[in-house]
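Dear colleague,

I am passing on the structure below, together with some notes on what turned up when I went through it. Please read the notes alongside the coordinates.

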Amino acid sequence: MRRNYEEERASTLEDEKLNPIQTLVTMVVIVAVVVIFCFVVWKVTHANSPAALPGQNTENSIDSIADWGVQSSAPETSAGAAEDPISSAGDPEPDNPLGMEFDPVDEIVTAKDVTNLRSEPSTDQGQLTVITQLSNGQNARRIGINPDTGWSQLEYNGQVVYAVSQYLTTADATQ
């Protein structure tokens with residue numbers, strides 16, 4: 001009776017083993033499901049740039065976080081400036097095509113990673129507004145910050161440029 005049980009158990013274990021072809025097919029199906037899932041996630045996160053392929057003028061989807069507070073209206077007129085008695089009327093602010101106001105600061109910053117420096121505080125026009133990139137260790141002077149929209153106004157190589165504040169960190173004064 002013991003022998004019968006062992007033979008039956010061995011037969012059951014042999015039936016439970018997957019053959020190599022079944023294992024390969026299972027792995028291919030799993031990989032296909034993961035690839036489809038990744039494609040769907042990529043498509044959803046890049047919905048603001050239809051028909052864009054990776055590496056073809058696509059924008060880092062994290063940059064779009066900084067646009068949540070930007071209004072697409074024309075810059076404020078001087079009547080809007082008259083309502084704010086604190087603003088310095090003697091110092092005209094550098095060109096800002098979106099009319100966004102920045103709190104003045106004076107600090108040296110560097111990028112946490114490679115960060116786009118733009119001609120305007122917006123990612124609406126994608127790569128068209130990117131002037132250059134700032135890498136970690138390269139310094140720029142932050143001259144303004146808008147905590148409501150998440151943009152910083154920088155002075156870099158004699159130009160006024162804009163960057164997403166969350167990508168910047170204050171640099172050590174010793175650098």
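Serine 152 is a convenient place to begin in this predicted model, and this residue belongs to strand S5, which spans residues 151–156. Its relative accessible area is 0%, and serine 152 therefore counts as buried, the cut-off being under 20%. The serine 152 side chain has polar contacts with two other side chains, that of arginine 142 at 2.8 Å and that of serine 165 at 2.7 Å. Leaving aside residues up to four places away in sequence, serine 152 also touches, among others, Phe102, Gly144, Ile145, Val161, Tyr162, Ala163 and Leu168.

The largest nonpolar core has ten residues, namely Val109, Ala111, Leu117, Leu134, Ala140, Leu154, Tyr156, Val161, Ala163 and Leu168. At least two residues of this core come from each of strand S1 (103–111), S5 and strand S6 (159–164). Another core, of six residues, lies apart from it, and includes Met100, Phe102, Trp151 and Tyr162. Within the largest core, Val109 has contacts that include Ala140, Leu154 and Leu168, as well as Gln138, Asn139 and Arg142, again not counting residues up to four places away in sequence.

On the surface, Ile21, Val25, Val29 and Val33 make a nonpolar patch of about 370 Å². Of these, valine 29 sits in helix H2 (residues 20–45), and its relative accessible area of 47% makes valine 29 partly exposed. In soluble globular proteins, nonpolar side chains tend to be buried together, and I would be glad to hear how you read this patch.

With best wishes

Note on methods: Residues numbered from 1 in each chain as written. Predicted model: local features only at pLDDT ≥ 70, side-chain atom pairs only at ≥ 80, totals over all residues. Heavy atoms only, no water. Patch = residues over 30% accessible without salt bridge, like charges linked within 9 Å, V, L, I, M, F, W, Y side chains within 5 Å. Areas by Shrake-Rupley, 256 points an atom, 1.4 Å probe, with all protein chains shown as cover. Salt bridge = Lys/Arg side-chain N within 4 Å of Asp/Glu carboxyl O. Helix = DSSP H or I, 4+ residues; strand = E, 2+ residues; numbered from the N terminus. Buried < 20%, exposed > 50% of the residue type's maximum accessible area, 1.4 Å probe, protein only. Polar contact = N/O pair within 3.5 Å; in protein donor to acceptor, adjacent residues only side chain to side chain. Contact = heavy atoms within 4.5 Å. Core = buried A, V, L, I, M, F, W, Y, C linked by side-chain atoms within 4.5 Å.
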